[in-house]
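Please open the model in your viewer and keep the sequence panel beside it, since this tour moves from one selection to the next.

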Amino acid sequence: MTEDAISFEQVIRTYSGLLSRIALAYEGDPSQREDLKQEMILAIWRALPSFRGQSSVKTYVASIAQKRAVTHVSRQRRIPATEELGEEVPSGGPQPDEAAIASDRRSRLLAAVRMLSAAQRETAMLMLEGFSFAEIAETLGISPNAAMLRCQRAKVSLIEQMGHAHAR
């Protein structure tokens, strides 16, 4: 192949195997490998008019292909890895029936809390938020012992309310 009579089609036909092997060395995924080879071909098509014969056509094509492969790999590293989804798509959250049950429980618990006395309601809400007896006592300005007693009474009342609501 002389530099004067060089054609894009001839270059691709001659060096297609070389491009495939370079792509294979850089990309394991078959569809991504084919995309990479197409990127190489496009880069060669763009660069070929500026070929001045300072190297062989083979080294010129290989150089373009190598540079395109390196660019492809560095771009792929920035893209988060994905997996193909199967028929059963795992959900990060609860299933719809579980969400409905949890929502129903929250609604019943909220209704039961609303039925508590004011003193028990405030301790129950803090308890449900994960406050310790000492934190509840500090928040409400009562002794830790009083906070513990209120929480125990609120808990008994909630269990009774939830039991009655569940039995209905």
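## The whole chain

Begin with a cartoon view of the entire chain, which has seven helices and zero strands. What you have on screen is a predicted model, and, read along the sequence, its pattern is α-α-α-α-α-α-α. If you colour the residues by burial, 24% of the 168 residues of the chain count as buried. Among the contacts in the chain with a separation of 6 or more, residues 24 or more positions apart account for 58%.

## The largest nonpolar core

Next, select helix H1 (8-26), helix H2 (30-47) and helix H3 (57-78), the elements that give two or more residues to the largest nonpolar core. This core has 22 residues, and those that touch the most other members are Val11, Leu19, Ile22, Met40, Ile44 and Val61. Show these six as sticks, and then centre the view on Leu19, which, leaving aside residues up to four places away in sequence, touches Ile12, Lys37, Met40, Ile41, Ile44, Val61 and Ala65.

Apart from the largest core lies another one, made of seven residues that include Val113, Leu116, Ala124 and Ala154.

## Helix H4 against helix H5

Now select helix H4 (residues 96-114) together with H5, which pack with their axes 9 Å apart and at an angle of about 150°. Angles over 145 degrees count as roughly antiparallel, and H4 and H5 are therefore roughly antiparallel to each other. To see where the two helices meet, display Leu109, Val113 and Arg114 of H4 along with Arg121, Met125 and Leu128 of H5, the residues that make the contact. Coloured by character, the residues of this contact between H4 and H5 divide into four nonpolar, no polar and two charged.

## Helix H5 against helix H6

Keep H5 (residues 118-128) selected and add helix H6 (residues 133-140), which packs against H5 at an angle of about 135°, with the two axes 10 Å apart. That angle makes H5 oblique to H6. If you turn the view to look through one helix onto the other, H5 passes H6 in a right-handed crossing. On the H5 side the contact is made by Glu122, Thr123, Leu126 and Met127, and on the H6 side by Ile136, Thr139 and Leu140. Which mixture of nonpolar, polar and charged residues is found in the contact of H5 with H6? The residues there divide into four nonpolar, two polar and one charged.

How values were computed: Residues are numbered from 1 along each chain as its sequence is written. This is a predicted model: local features need pLDDT of at least 70, side-chain atom pairs count only at pLDDT 80 or more; totals for chains, interfaces and linings use all residues. Side-chain values use heavy atoms; hydrogens and water are left out. Axes are lines fitted to C-alpha atoms, for helices over the stretch in contact, and angles run from 0 to 180 degrees between N-to-C directions. Helices (H or I, at least four residues) and strands (E, at least two) are DSSP runs, numbered from the N terminus. Angles under 35 degrees count as roughly parallel, over 145 as roughly antiparallel, 65 to 115 as roughly perpendicular and the rest as oblique. A crossing is left-handed if the near helix is turned anticlockwise from the far one by less than a right angle, and right-handed if clockwise. Contact means heavy atoms within 4.5 Å. Ala, Val, Leu, Ile, Met, Phe, Trp, Tyr, Cys and Pro count as nonpolar, Asp, Glu, Lys and Arg as charged, and the others, Gly among them, as polar. A nonpolar core is a set of buried Ala, Val, Leu, Ile, Met, Phe, Trp, Tyr and Cys residues joined through side-chain atoms within 4.5 Å. Buried means under 20% relative accessible area, exposed over 50%, partly exposed in between (1.4 Å probe, protein chains only).
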